[in-house]
Amino acid sequence: MTATDTRPAERTRASWLREHSELGVCVLLLALGVLVLTDALTMDVDISQRGPVGPKTVPIVVGIGLLLVAVLLAVDVLRGGRGEAEAGEDIDLSEPADWRTVLLLAGVFLATAVLIEPLGFPVAGALLFWGAAYALGSRNLTRDPLIAAGLALLTFIVFNNLLGVPLPGGPLMGVL
């Protein structure tokens with residue numbers, strides 16, 4: 001066998017991999033699904049205190065979903081399915097990035113991370129939701145804080161009281 005005999009096989013393998021490059025996404029989704037499921041199933045939770053829906057439920061559903069999407073995408077790719085190139089979005093690539101918005105959002109996330117322990121989730125979450133809305137362009141100073149407070153309070157009640165996932169209540173712990 002000469003070097004020229006192996007080149008067509010190498011070209012064929014390389015072209016097959018190039019034509020099925022979406023399989024890389026399948027492998028990534030599969031690995032991520034296994035990681036999420038492994039983490040969820042090894043989570044130390046006393047189920048007698050949690051009820052039927054506890055902190056393991058959502059990660060298990062997400063992990064199974066990732067595995068299912070990985071398998072379905074792999075089947076589609078192997079059957080000849082190809083991802084379509086983006087037809088275009090309503091953006092102008094010649095314009096520079098909006099760094100002000102990016103920095104405002106980063107600041108809001110960092111502030112939430114710092115304030116969640118001393119102020120509790122309801123207050124820090126309200127600041128997060130309102131700050132994100134402001135950073136993304138909403139300027140209604142009466143409606144936005146009220147919606148943010150409602151979302152933060154609803155999120156706190158769902159996680160803390162219904163799902164049994166304890167969130168810091170802060171100064172409002174006695175009230176909520």
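Start by selecting T101, L104, L105, V108, F109, T112, L115, I116 and L119 in α5, then add F121, V123, A124, L127, L128, G131, A132 and A135 in α6: these two sets meet each other in this predicted model. Colour the contact by residue type and you will find 14 nonpolar residues, three polar and no charged ones.

Now show both helices in full, α5 as residues 99–119 and α6 as residues 121–135. Their axes lie 8 Å apart, at an angle of about 175 degrees. An angle over 145 degrees counts as roughly antiparallel, so that is how α5 and α6 run relative to each other.

Next stop: helix α2, residues 23–41. From first C-alpha to last, its 19 residues reach 27 Å, close to the 27 Å expected at 1.5 Å a residue. Select L23, C26, L29, G33, L37 and A40, the buried residues of α2. Look down the axis: they cover an arc of only 110 degrees, which puts them on the same side of the helix. Residues three or four places apart in an α-helix point the same way, because there are 3.6 residues a turn. Then turn to the face pointing away from that buried side, where the exposed residues V27, L28, L35 and D39 sit.

Stay on α2 for one more pick, V36. Is V36 buried or exposed? Neither fully: V36 is partly exposed, with a relative accessible area of 22%. Which residues does V36 contact, once neighbours within four places in sequence are left aside? Select P59, G63 and L66 to see them. To finish, draw a C-alpha to C-alpha distance from V36 to L67: the two are 31 residues apart in sequence and 10.0 Å apart in space.

Conventions. Residues numbered from 1 in each chain as written. Predicted model: local features only at pLDDT ≥ 70, side-chain atom pairs only at ≥ 80, totals over all residues. Heavy atoms only, no water. Axes fitted to C-alpha atoms, helices over the stretch in contact; angles between N-to-C directions. Helix = DSSP H or I, 4+ residues; strand = E, 2+ residues; numbered from the N terminus. Parallel < 35°, antiparallel > 145°, perpendicular 65-115°, else oblique. Contact = heavy atoms within 4.5 Å. Nonpolar A, V, L, I, M, F, W, Y, C, P; charged D, E, K, R; others polar. Expected span 1.5 Å × (residues − 1). Buried < 20%, exposed > 50% of the residue type's maximum accessible area, 1.4 Å probe, protein only. Arc of directions from axis to C-beta.
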